[in-house]
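The exercises below are to be worked with the sequence and the coordinates at hand. Each task is followed by its solution.

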Amino acid sequence: MNALFAAFRTNPMLKGAFTGFWTGILILPFAGPRTSFMVFLVVLFCVAVLAVYKKKSFSSSRCSIFSEKYRYLLSIISSDLRIKAFLYIITASAVLFPLMLTSYYLDIFIMAGIYMLLALGLNVIVGLTGQLHLGFAGSYAIGAYTYALLNTYFGLSFWLCLPVSALSASFAGILLSMPAIRLRGDYLAIVTLGFGEITRIVLNNWDSVTRGPNGISGIAAPSVAGISLSGLRRYYYLVMALVVLAVFITKRVEQSRTGRAWMAIREDEIAASSMGINTTKYKIYAFVFGSLWAGVAGQLFAAKMQFVSPESFTFIESVFILCMVILGGLGNTYGVLIGAFIIAILPEALRGIESYRMLIVGLGLVVMMIFRPQGIIGNMKKCRY
Amino acid sequence: MFFQQVINGLTLGCVYAIIALGYTMVYGILGLINFAHGEIYMLGAYLSIIFLGLFTVAGITSYSIVLSIFLSLLLAVIFCSAFGYTMEKTAYKPLRGSSRLSPLISAIGVSIFLQNFVMKTQGATDKVFPYKFHFASIDFLGVSLTSLQMLIICSSFLLMAGLYLFTKFSKTGRAMRATSQDALMASLVGINVDRVISVTFIIGAGLAAVAGMMIASYYGVINYYIGYIAGIKAFTAAVLGGIGSIPGAMIGGLALGLVESLGSAYISAEYKDAYAFGILIIILMIKPSGLLGRSSDQKV
């Protein structure tokens, strides 16, 4: 009997067959016999190949050439000096590319820019301070609706509303941080999730002000000195300018006393407080500062779409923003930008298999957590989560 | 009117309580919010409808309705337990011992995966439960208690009592309690902690399957996204009663069901889903350990 179990564990073919059989049986009632059989074959093949590969690499040497190469590539990317060089190249291309892009790509790039702002903001809360926030779409929605309401009801201009949106999102951040400072870990995650959901439910049901599920349309695009920025190319430059500003400011704050306090809280809250850091104060700062960028991003979103509805700010949106931060590596400002870019263009890249997109995202989250919890270019030493 | 709402709330509360048991047991032992637990409940609801459909085709239903319902419930429980077991082994076990953030995110991943898996294979439209359990109802002063409501309330109380006795007196139950108090110590006295965790997930998932069938027969229609909101409410119930405590989950579930049905009757039905979150935030601010929970100081 034990020999049989051992065979199932070590023999790649048997292991694959067993895993495939189990998966096939599990999905049989949902997917029907044909799909189940296909899944059985696919899983058998994948598991068997993986097991063979694992056995081989294990028996030949602990560090295969592949991982050496991979590590070398990583060291190129993650060394600080190279990052700066990369940054200049990327900035230059971000300035030059839109001149030759079609409006389809410009549209995607604008959304990518808005997501970069969101990811930067969430990175402050989750990545730097280590407070899991699952309702960031709530802050995003508050920013978007502040501009939408102020603009359509009172006709206030984009630039006048920008600080108002940012401040109203940060004010929501203060409200949220009140329960948050007393809680940690999972409880905090659930409360922030509740914040996001309550925001959406209120927007959805407060018909007299937000027009409920119909949303608000006819929001004005911004203009500078009488020149409208509603064109995609001009709007793209506006978004990118704000992203650069956000990166500059967050990077500065991150390296300041406040940023160091945030990281201390992330590493060990008790140790931080016993070193004289006022953890309550700095946690509130993190929520306020992070939500601020969500407010800015929300206003940019509203002005781009010229329409907002509660549908755009669901829980799944919060998860996507979190995915960007995790993919880029928690606490890694530049990594988070890359993560945001990847996730933002993902729907377009997966256009052919669009209906499987969410399946891939779900699976990706699990696989990422198991194999690379520090993100694609994350640094293990720097970041404990 | 008031008593009618109380009865409706109790019925709903029983379902929440059963789902909350799964949350509370897993949290008690692993300290993990099993975000995907709501999806297991959704799978249970789907499975019961799928198997009932199969049995109707196979002719068992025309032979005996009770038999086919019982068999489909049994199969749904078995499949959901298998899902729970597999989920634990693939998504949570490799992350044991890492930070608290990773398993939570992994659980969100599982939840998204299962939701979209069901949407992909079963379609995004509503599924209809094929039978109406409406044999009889007791009417008293304008309050009606249908046979289905009675069945849900009675069977959930039986399940809760059974689970309570199981954890109190059986050997596995004692092992579960020991593991939830101190997993390292439990492993030192010879308890197979891995097995205990697996058993916990299997029991929790089985209970969620029962709750899924209850809600499918009570509401009559289900959809692939029912798991998310039900999961959050059940978690609220577990926190309300004191997470980690089994009687707490029952009380929390019933209380939440009552608040929700009375709130939507007397305040506003549109904000039905917001009550759960509101209560959750208030409890966590005032008494994070819940009604029956013990507060534990953090050790350094």
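**Exercise 1.** How many of the 22 residues of α2(B) are buried?

Solution. The model is predicted: local features need pLDDT of at least 70, side-chain atom pairs count only at pLDDT 80 or more, and totals for chains, interfaces and linings use all residues. Residues are numbered from 1 along each chain as its sequence is written, while chains are lettered from A and ligands numbered from 1 in the order in which they are written.

Step 1. Fix the terms. Helices (H or I, at least four residues) and strands (E, at least two) are DSSP runs, numbered from the N terminus. A residue is buried if 20 or more other C-beta atoms lie within 10 Å of its own, exposed if 12 or fewer, and partly exposed in between, with C-beta atoms placed from the backbone.

Step 2. Count. In α2(B), 17 of the 22 residues are buried, so the rest of the structure largely encloses this helix.

Step 3. Check the span. The expected value, 1.5 Å times one less than the number of residues, is 32 Å for α2(B), and the end C-alpha atoms are 31 Å apart, which agrees.

Step 4. Look past the end of the helix. Gly59(B) follows α2(B) and has a positive phi, near 95°.

**Exercise 2.** Describe the side of chain B that touches chain A.

Solution. Step 1. Two residues are in contact if their C-beta atoms, placed from the backbone, lie within 7 Å. Chain B brings 43 residues to the contact and chain A brings 35 residues.

Step 2. On the chain B side, at least two residues each come from α2 (37-58), α4 (65-92), α5 (101-122) and α12 (272-286). The most come from α5(B), with 16 residues.

Step 3. Sort by class: Ala, Val, Leu, Ile, Met, Phe, Trp, Tyr, Cys and Pro count as nonpolar, Asp, Glu, Lys and Arg as charged, and the others, Gly among them, as polar. The side of chain B that touches chain A then has 29 nonpolar, 10 polar and four charged residues.

Step 4. Examine α12(B). From first to last C-alpha, its 15 residues reach 22 Å, close to the expected 21 Å. Buried residues in α12(B) include Tyr275(B), Phe277(B) and Leu284(B).

**Exercise 3.** Compare how two pairs of helices pack in chain B.

Solution. Step 1. Axes are lines fitted to C-alpha atoms, for helices over the stretch in contact, and angles run from 0 to 180 degrees between N-to-C directions. Angles under 35 degrees count as roughly parallel, over 145 as roughly antiparallel, 65 to 115 as roughly perpendicular and the rest as oblique. A crossing is left-handed if the near helix is turned anticlockwise from the far one by less than a right angle, and right-handed if clockwise.

Step 2. Helices α1 (residues 2-30) and α9 (residues 193-219) of chain B have axes 9 Å apart, at an angle of about 165°. The two helices α1(B) and α9(B) are therefore roughly antiparallel, and their crossing is left-handed. Their contact holds 20 nonpolar, four polar and no charged residues.

Step 3. For α4(B) and α5(B) the angle is about 130° and the axes are 10 Å apart. That makes α4(B) oblique to α5(B), and the crossing is right-handed.

Step 4. Name the residues. Met87(B), Ala91(B) and Tyr92(B) of α4(B) meet Pro103(B), Ser106(B), Ala107(B) and Val110(B) of α5(B). By class, this contact has six nonpolar, one polar and no charged residues.

**Exercise 4.** Where does Gln306(A) lie?

Solution. Step 1. Gln306(A) is in the loop between α13 (279-305) and β4 (307-308) of chain A. Its phi is near 55°, a positive value in a residue other than glycine.

Step 2. Gln306(A) has 15 other C-beta atoms within 10 Å and is therefore partly exposed. Met305(A), in helix α13 of chain A, is also partly exposed, with 16 C-beta neighbours inside 10 Å.

Step 3. Turn to the packing of α13(A). Its axis and that of α5 (residues 103-128) of chain A come within 8 Å and cross at roughly 165°. That makes α5(A) roughly antiparallel to α13(A). The crossing of α5(A) and α13(A) is left-handed.
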